[in-house]
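This report describes the surroundings of the ligands and the nonpolar cores of a predicted model.

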Amino acid sequence: MKSTRLLPLLLAVPLALFAEDKKPKPVDVSKLPLPLPRKVDFTQEVYPLLKESCFSCHGAQKQKGKYRCDTKEGAFKETDYGPTIVAGHSEQSALIHMVAGLVDEMLMPPPSDKPGQSEKLTGEQIGLLRAWIDQGAVWPDGPIAEVVKPVTFATDIQPVFAAACGSCHSGASAKGGFDVGSLEGVLKGGKNYGQAVAPGDLKKSPLITIVAGLDEDLPLPEKHKLPPKSLELVKKWVQQGAK
Ligand code: HEC
Ligand code: HEC
């Protein structure tokens with residue numbers, strides 16, 4: 001009789017220890033970047049950021065750590081580190097602790113040795129997520145309309161080309177007669193290749209092969225290779241019609 005009454009007690013001790021172990025460690029929220037001091041928009045700003053930075057591992061295809069944040073139900077899940085998103089309280093949200101690197105071994109996206117892949121979120125991006133959560137973490141029901149951010153020569157492409165190509169491809173002495181100083185110059189191309197960009201068609205745009213570092217006929221291939229993020233941007237620009 002006595003021993004059966006002891007049994008639940010014996011079981012309770014290790015369980016209590018286990019629960020203690022699972023408690024999220026306190027994090028130093030004073031290190032968090034501040035929330036952006038403005039109203040932010042979920043569909044236009046927050047969802048595209050999650051898509052770009054998280055869906056490759058937490059989307060429809062893969063759910064690393066059994067987490068997905070491409071759906072409302074998935075995104076608000078409870079984790080071993082506390083609730084991911086606490087509406088109104090970004091400082092209590094595990095998702096924020098993780099993207100800011102405040103949880104041991106749980107920096108999200110995780111660091112990668114491949115350059116240009118899964119880059120750490122900037123203070124501004126963390127501030128955007130914080131502002132969204134502080135403003136109520138509103139996530140509309142149903143599918144989220146895709147927002148295609150327009151990529152334009154003036155705001156996105158010219159700065160990339162000016163920095164990477166301008167030293168050799170500017171003005172009258174531009175190598176091969178290819179001038180990156182204006183949209184017209186880039187579309188027109190140089191004296192050997194001719195038209196460098198076919199708007200809307202990556203395959204017919206020699207510029208893409210060149211900046212991917214895959215054109216073996218060009219001198220200085222390393223000077224012609226753009227980093228992955230910039231290459232993506234140039235591709236998007238061509239796909240969107242090279243405006
Ligand atoms: C390259 C893949 C990768 C990317 C990109 C990535 N994660 Fe993760 N994430 C993981 C892996 C792997 C785990 C599981 C880690 C573990 O449990 O040790 C994880 C775990 C998590 C968890 C904890 C889930 C749980 O229940 O324990 C959260 C929350 C999370 N990620 C959020 C994010 C957010 C938000 C982003 C984008 C800002 C992101 N992750 C980007 C790979 C990734
Ligand atoms: C260090 C100098 C240098 C840099 C930097 C450089 N190029 Fe070049 N580029 C050359 C030379 C040299 C040629 C060959 C010119 C010739 O054939 O007369 C060339 C040729 C080209 C051509 C072919 C032009 C034609 O003849 O039709 C294109 C297009 C081009 N480069 C694009 C770029 C782009 C885009 C970048 C930046 C990502 C870049 N280049 C960076 C030196 C450079």
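## Ligand shells and nonpolar cores

Ligand 1 is surrounded by 22 residues, and the closest of them are C54, C57, G65, T79 and M108. Two or more residues of this shell come from each of α3 (55-58) and α5 (94-99). The largest contribution to the shell around ligand 1 is that of α5, with 4 residues.

Around ligand 2 there are 24 residues, with C165, C168, G176, G190 and N192 the closest. Three helices, α7 (153-165), α9 (206-211) and α10 (221-224), each give at least two residues to the shell around ligand 2.

The composition of each shell by residue class is as follows.

| Shell | Nonpolar | Polar | Charged |
|---|---|---|---|
| Ligand 1 | 12 residues | 7 residues | 3 residues |
| Ligand 2 | 14 residues | 7 residues | 3 residues |

The nonpolar cores come next. In soluble globular proteins, nonpolar side chains tend to be buried together. The largest nonpolar core in this model has 19 residues, and the members that touch the most others are V197, L207, V211, V234, W237 and V238. At least two residues of this core are supplied by each of α7, α9 and α11 (228-239). A second core, separate from the largest one, has 18 residues, including L36, A100, L121 and W132.

Which residues is L207 in contact with, leaving aside its neighbours within four places in sequence? They are A196 and V197. Both L207 and V197 are among the core members that touch the most other members.

Two of the helices recur in these descriptions: α7 and α9 each supply at least two residues to the shell around ligand 2, and α7 and α9 also each supply at least two to the largest nonpolar core.

Key:
Residues numbered from 1 in each chain as written. Chains lettered and ligands numbered in written order. Predicted model: local features only at pLDDT ≥ 70, side-chain atom pairs only at ≥ 80, totals over all residues. Near = placed C-beta within 6 Å. Nonpolar A, V, L, I, M, F, W, Y, C, P; charged D, E, K, R; others polar. Core = buried A, V, L, I, M, F, W, Y, C linked by C-beta atoms within 7 Å. Buried ≥ 20, exposed ≤ 12 C-beta atoms within 10 Å, placed from the backbone. Contact = placed C-beta atoms within 7 Å.
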